[in-house]
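Biologist: Please take a close look at one part of this model. I would like to know what it is joined to, and how its side chains are placed.

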Amino acid sequence: MGARTTREIAEFVVATGLRDIPAEVVDYAKILGLSHVGMNVAGTRMKVGQTVIRYVQSKGGVADAGIFGTGIKAPVEYATVANANAAHATELEDDSFPETMYSCGHWPAVFALSEKLGLSGARLLEALILGYEVAARLGLALDRGMKKGWASWAALGTIGNAVAASKLM
């Protein structure tokens, strides 16, 4: 990426498409996506996953996106919450270090927004990869903080999700 400013990061995201991403990266993202769906479905069967799903159902709202493995739809924000909690409940999330990225903090938002917008799998992959790339690069820049015990994945996941959502919209 090589960007040093917010503007350069934004320009990179706008200019980069799936065609610019190496095939092996796209193939690996597909594997991570399947892994995420599997742990997500498993998590909906666990007590914490079921608790969050009941909470989400109680909130009502427009049924924008699905909660994996349930047949239930919820507003995109709540589907994201339910799917992220279910995925994390399994403790099987894919992560990377020293970048400090967790799939359960990135994939659910992108899946839900893609569904709401009716986008293709190619658009989903493009956004996932670019959001992950930006957040991971920032994670590498914060490596010294991680070595001191500072947990940056929540902030970085939020930035990665904002990047992915921007690309989708």
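Modeller: In this predicted model, R19 and D20 form a salt bridge in which the closest N and O atoms are 3.8 Å apart. R19 is exposed, at 68% relative accessible area, whereas D20 is partly exposed, at 43%. This is one of four salt bridges that a search of the whole structure finds.

Two others among the four involve the part I will follow from here, helix α5. This helix covers residues 103-117, which makes 15 residues. From its first C-alpha to its last, α5 reaches 21 Å, close to the 21 Å expected at 1.5 Å a residue. The residue that follows α5 is G118, and its phi is positive, near 65 degrees.

K116 of α5 forms a salt bridge with D64, and the closest N and O atoms of this pair are 3.9 Å apart. D64 sits in the loop between α3 (47-59) and β1 (65-67), so the bridge links distant parts of the chain, with the two positions 52 residues apart in numbering. The two partners can be set side by side: D64 is buried, with a relative accessible area of 17%, while K116 is partly exposed at 43%. D64 counts as buried because its 17% falls under the 20% cut-off.

The other bridge of α5 joins E115 to K73, with 3.0 Å from N to O. K73 belongs to strand β2 (residues 72-74) and E115 to helix α5, so this pair ties together parts that are 42 residues apart in sequence. Here K73 is partly exposed, with 46% relative accessibility, and E115 is partly exposed too, with 35%.

Next come the aromatic rings. The structure holds three aromatic pairs. A pair of aromatic rings is described by the distance of the centres and the angle of the planes. One of the pairs is F68 with F111: the centres are 5.4 Å apart and the planes stand at 90 degrees, which makes the pair edge-to-face. F68 lies in the loop between β1 and β2, and F111 lies in α5, so parts that are 43 residues apart in sequence are tied together here as well. F111 is buried, with a relative accessible area of 18%. Ring pairs also bring in W107, so that F68, W107 and F111 are linked into a cluster.

F111 and W107 are both on the list of buried residues of α5, which also has S103, C104, H106, P108, V110, A112, L113 and S114. An α-helix has 3.6 residues a turn, so residues three or four places apart point the same way.

V110 leads on to the interior. The largest nonpolar core has 21 residues, and V110 is among those with the most contacts inside it, together with V56, I67, A79 and A82. The elements that give this core two or more residues are α3, β1, α4 (76-89), α5, α6 (121-141) and α8 (153-168). Of these, α5 gives the most, with five residues. Around A82, and leaving aside residues up to four places away in sequence, the contacts are V52, I53, V56 and I67. There is also a second, separate core of five residues, including I21, V26, L125 and I129. In soluble globular proteins, nonpolar side chains tend to be buried together.

Note on methods
Residues are numbered from 1 along each chain as its sequence is written. This is a predicted model: local features need pLDDT of at least 70, side-chain atom pairs count only at pLDDT 80 or more; totals for chains, interfaces and linings use all residues. Side-chain values use heavy atoms; hydrogens and water are left out. Helices (H or I, at least four residues) and strands (E, at least two) are DSSP runs, numbered from the N terminus. The expected span of a helix is 1.5 Å times one less than its number of residues. Buried means under 20% relative accessible area, exposed over 50%, partly exposed in between (1.4 Å probe, protein chains only). A salt bridge is a side-chain nitrogen of Lys or Arg within 4 Å of a carboxyl oxygen of Asp or Glu. Rings of Phe, Tyr and Trp (its six-membered ring) pair if their centres lie within 6.5 Å; planes under 30 degrees apart count as stacked, over 60 as edge-to-face and the rest as tilted. A nonpolar core is a set of buried Ala, Val, Leu, Ile, Met, Phe, Trp, Tyr and Cys residues joined through side-chain atoms within 4.5 Å. Contact means heavy atoms within 4.5 Å.
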